[in-house]
Amino acid sequence: MNKNELHKAVEESKGNESNICQICATKDGAAVYEDCWHGYTTSDAVNVMSVTKGVMSLLTGIAIDKGYISDVGQKVISFFPGYQIKRGEKTIYDVTVEHLLTMTAPYKYRSEPWKKVCTSDDWTLAVLDLLGGRAGITGEFKYATLGIQILAGIIENASGEKLIDLANMELFTPLGIPEHKIHGDSSKEDQFVFLMNKAPRKNEWYSDPKGSVTAGWGLCLSAGDLARLGDLVLNNGVFGGKRIISESYMKEMLKPRIRLGERFGNMEYGYLWYKPYSGREVFAAIGDGGNLIYVNKELGVSVGVTGTFKPAIYDRVEFVETKVLPALAV
């Protein structure tokens, strides 16, 4: 499949690839492919959904490098000295930053209480109220988009800065990603429109009523932005010859900690980043709608894919490997 055939295949797709807006690929730091569909341009932004989590892991690395967080073993509750712990609650004292990064933190629910959190005045505080529980820390993987909100609170409390400002200064600007602003509205109606609207977004990040960004979703980026972030991962924290994140953190971030079940394609999981194939140097940040940062260290390739909301999108990593890479002739 060549680039023209790839464009046509996406353009004519009625299924898994029908919602793709942009694809951008880099090899050895240089753009080798960039294409758009559905009226999007290369500079338009898309809500990249849970790819936001992968970016949060990068920002956690920056916070550790700057000394705001001592290490991933630091207890979560130490960042919230004024928080009133519920009577009888003990587990919360033992939850660490690493538990959040590996999705092994315990919570007091069976399914995520989106309405309770996303209609509250302070989403970080609302999620803290759900952390812990009687079962204790079991090390079991529990996918928790809301739980990542606690990471935003940790970084903001530890640094004294709004996370959007830290992201702009320490990550986005050095990578040539446009400066982002918080979205500014968080009503129930606005949340629905933000998720479902298929029009291009601004360079923004969704936020709660306190002006804290939504850490598990809601960051809006272009495929080119995603490819740049992938290039940073590809080069162990270096971009354009400048070190952005320490090599030690990047290695820890990508190191597999858990093997996931069939629901997650039996992939391995590090710090909010996936390792799709055992024995291969391929990594990914994955979001609903098939949004993706794909990093192939074997080939020196990074690929960003954006897509509007569409349920039941299947393996976008496989799409990159079987259709995008051949078009790049790598």
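Which residues of α6 are buried? Keep that question in mind as you open this predicted model, and start the tour at the helix itself.

**Stop 1: helix α6**

Select α6 and colour Q149, I150, L151, A152, G153, I154, I155, E156 and S159: these are the buried residues of the helix. They make up 9 of its 11 residues, so α6 is largely enclosed by the rest of the structure. To see what does the enclosing, bring up α2, α3, α5 and α7 (163-172), against which the buried residues of α6 pack. Then step just past the end of α6 to G160, where the backbone takes a positive phi of about 75°.

**Stop 2: a salt bridge across the chain**

Now show the side chains of K86 and D129, which meet in a salt bridge at 2.9 Å, N to O. This pair ties together distant parts of the chain, 43 residues apart. K86 belongs to the loop between α2 (51-65) and α3 (97-101), while D129 sits in the loop between α5 (123-128) and α6 (149-159). Turn on a surface and look at both partners: K86 is partly exposed at 41% relative accessibility, and D129 is partly exposed too, with a relative accessible area of 28%. If you would like to look for others afterwards, the whole structure holds 14 salt bridges.

**Stop 3: helix α10 and a charged network**

Move on to helix α10 (residues 247-254) and select K251 and E247. Their side chains form a salt bridge, with an N to O distance of 3.6 Å. Why are they separated by about one helical turn? The two are 4 residues apart in the helix, which accounts for that spacing. As a rule, an α-helix has 3.6 residues a turn, so residues three or four places apart point the same way. E247 is partly exposed, at 35% relative accessibility.

Next, pick E252 and R257, which form a salt bridge with their closest N and O atoms 2.5 Å apart. Both are partly exposed, E252 with a relative accessible area of 30% and R257 with 29%. Add E98 and K255 to the selection, and you have a network of salt bridges linking E98, E252, K255 and R257.

**Stop 4: a buried lysine**

Go to strand β11 (residues 274-275) and centre on K275. What is the nearest side chain of opposite charge to K275? That is E268, 4.2 Å away, and K275 has no salt bridge although it is buried. The cut-off for a salt bridge is 4 Å, so the E268 distance of 4.2 Å falls outside it.

Look instead at backbone oxygens. The side chain of K275 reaches that of R280 at 2.8 Å and that of Y277 at 3.1 Å. To fill in the surroundings, display the residues in contact with K275 beyond its neighbours within four places in sequence: P256, M267, E268, R280, E281, V282 and F283.

**Stop 5: out on the surface**

Select F192, V193 and M196, which make a nonpolar surface patch of about 280 Å². V193 lies in helix α8 (residues 188-196) and is partly exposed, with a relative accessible area of 41%.

Finish at K116 in helix α4 (residues 114-118). Is K116 buried or exposed? At 57% relative accessibility, K116 counts as exposed. For a last distance label, draw a line from the C-alpha of K116 to the C-alpha of T26: they are 41 Å apart in space and 90 residues apart in sequence.

Definitions and conventions
Residues numbered from 1 in each chain as written. Predicted model: local features only at pLDDT ≥ 70, side-chain atom pairs only at ≥ 80, totals over all residues. Heavy atoms only, no water. Buried < 20%, exposed > 50% of the residue type's maximum accessible area, 1.4 Å probe, protein only. Lys, Arg positive; Asp, Glu negative; His and termini not counted. Polar contact = N/O pair within 3.5 Å; in protein donor to acceptor, adjacent residues only side chain to side chain. Contact = heavy atoms within 4.5 Å. Patch = residues over 30% accessible without salt bridge, like charges linked within 9 Å, V, L, I, M, F, W, Y side chains within 5 Å. Areas by Shrake-Rupley, 256 points an atom, 1.4 Å probe, with all protein chains shown as cover.
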